[in-house]
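Good morning, and thank you for making time for this presentation. I would ask you to keep the sequence and the coordinates in view while I go through the fold, the cores and the pocket.

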Amino acid sequence: MLNIVLVEPEIPMNTGNIARTCAATRSRLHLVRPLGFDISDKAVKRAGLDYWHMVDLRVYDNLDDLFRQNQIDDLWLATTKAPQDYSKAQFGENSWLFFGKETAGLPQWFREAHADRCIRIPMRPDARSLNLANSVAVITYEALRQLEFPQLSGEGDMKAAFPPSREGTAANK
């Protein structure tokens, strides 16, 4: 199972979108305090997050607390400051993907402690960054692609309506 870690997330809509990605992909969501919003049952219901019950959610007081409670051997840190793009990472079935808060990213000391595990999403030099929820989706789906989408369906309802085409036809090119 992939582990998605948000360190001090600030914007509730981003975390809601990331929670939906985690629910859809069977990834575990870890939130590291402080949080910029309320995740009580009442607040979640008021926000209309009808998939929240599908999210395997863990909350920690700080990064030390997260590391104290978990065995983390395969971690990757998403940061615009990374020297390599995410396609160079070899994700495993128990990878931990770390993302920082919207206004400041991951703490510098944490990035420096794991410099060889820092990855970035390629983008034009004058663009600051992608939205946090988009960044999580891009890297999560790359990790899942490498793992051949475990326990996820790659087929939709249209499959029954369209018989498989023969190899080499124009439809397959």
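Let me begin with a term: the helices and strands I shall name are DSSP runs, at least four residues for a helix and at least two for a strand, numbered from the N terminus. Please bear in mind throughout that this is a predicted model.

With that term in hand, consider the largest pocket. Its volume is about 560 Å³. The lining comprises 26 residues, and Thr80, Lys101, Glu102, Ser129 and Leu130 are the closest to the centre of the pocket. Which elements supply at least two residues of this lining? They are strand E7, residues 118-120, and helix H5. The largest share, three residues, comes from H5. In character, the lining divides into eleven nonpolar, nine polar and six charged residues.

I turn now to the overall fold. The chain has five helices and seven strands, and from the N terminus on they run β-α-β-α-β-α-β-β-β-α-β-α. The C-alpha trace spans about 55 × 40 × 35 Å along its principal axes. Of the 173 residues in the chain, 40% are buried. Among contacts with a separation of 6 or more, 76% join residues 24 or more positions apart.

Next, the interior. The largest nonpolar core has 29 residues, and those with the most contacts inside it are Ile4, Leu6, Ile18, Leu29, Phe91, Phe99 and Ile139. At least two residues of this core come from each of strand E1 (3-7), helix H1 (12-25), strand E2 (28-32), strand E4 (75-78), strand E6 (96-99) and helix H5 (132-146). Helix H5 gives the largest share of this core, six residues. Apart from this core lies another, of 15 residues, including Val5, Leu75, Trp96 and Phe110.

Phenylalanine 99 deserves a separate word. Beyond its neighbours within four places in sequence, Phe99 is in contact with Ile4, Val5, Leu6, Val7, Ala78, Leu106, Leu132, Ser135, Val136 and Ile139.

Let us look at some further residues, starting with helix H5. Is glutamate 142, which lies in that helix, buried or exposed? Glu142 counts as buried, because its relative accessibility is 12% and the cut-off is under 20%. Outside its neighbours within four places in sequence, Glu142 is in contact with Tyr86 and Phe91. Alanine 137 also lies in H5, but Ala137 is partly exposed, with a relative accessible area of 24%. Ala137 and leucine 106 are 31 residues apart in sequence and 17 Å apart in space, C-alpha to C-alpha.

Leucine 2 lies in the segment before E1 and, at 3% relative accessibility, counts as buried. Setting aside its neighbours within four places in sequence, Leu2 is in contact with Ser27, Arg28, Gly92, Glu93, Ser95, Thr140, Ala143, Leu144 and Leu147. The C-alpha atoms of Leu2 and Phe91 are separated by 9.1 Å, and these residues are 89 apart along the chain.

Finally, the cysteines. How many disulfides does the model contain? The count comes to zero, where a disulfide would require a pair of cysteine sulfur atoms within 2.5 Å. Cysteine 22 is buried, with a relative accessible area of 1%, and cysteine 118 is buried at 4%.

That concludes the presentation, and I welcome your comments.

Methods:
Residues numbered from 1 in each chain as written. Predicted model: local features only at pLDDT ≥ 70, side-chain atom pairs only at ≥ 80, totals over all residues. Heavy atoms only, no water. Core = buried A, V, L, I, M, F, W, Y, C linked by side-chain atoms within 4.5 Å. Buried < 20%, exposed > 50% of the residue type's maximum accessible area, 1.4 Å probe, protein only. Contact = heavy atoms within 4.5 Å. 1 Å grid on protein atoms, 1.4 Å probe; cavity = no way out; pocket = protein on both sides within 12 Å on 5 of 7 lines; lining within 4 Å. Points joined across faces, edges and corners; volume = space filled by probe spheres on them. Nonpolar A, V, L, I, M, F, W, Y, C, P; charged D, E, K, R; others polar.
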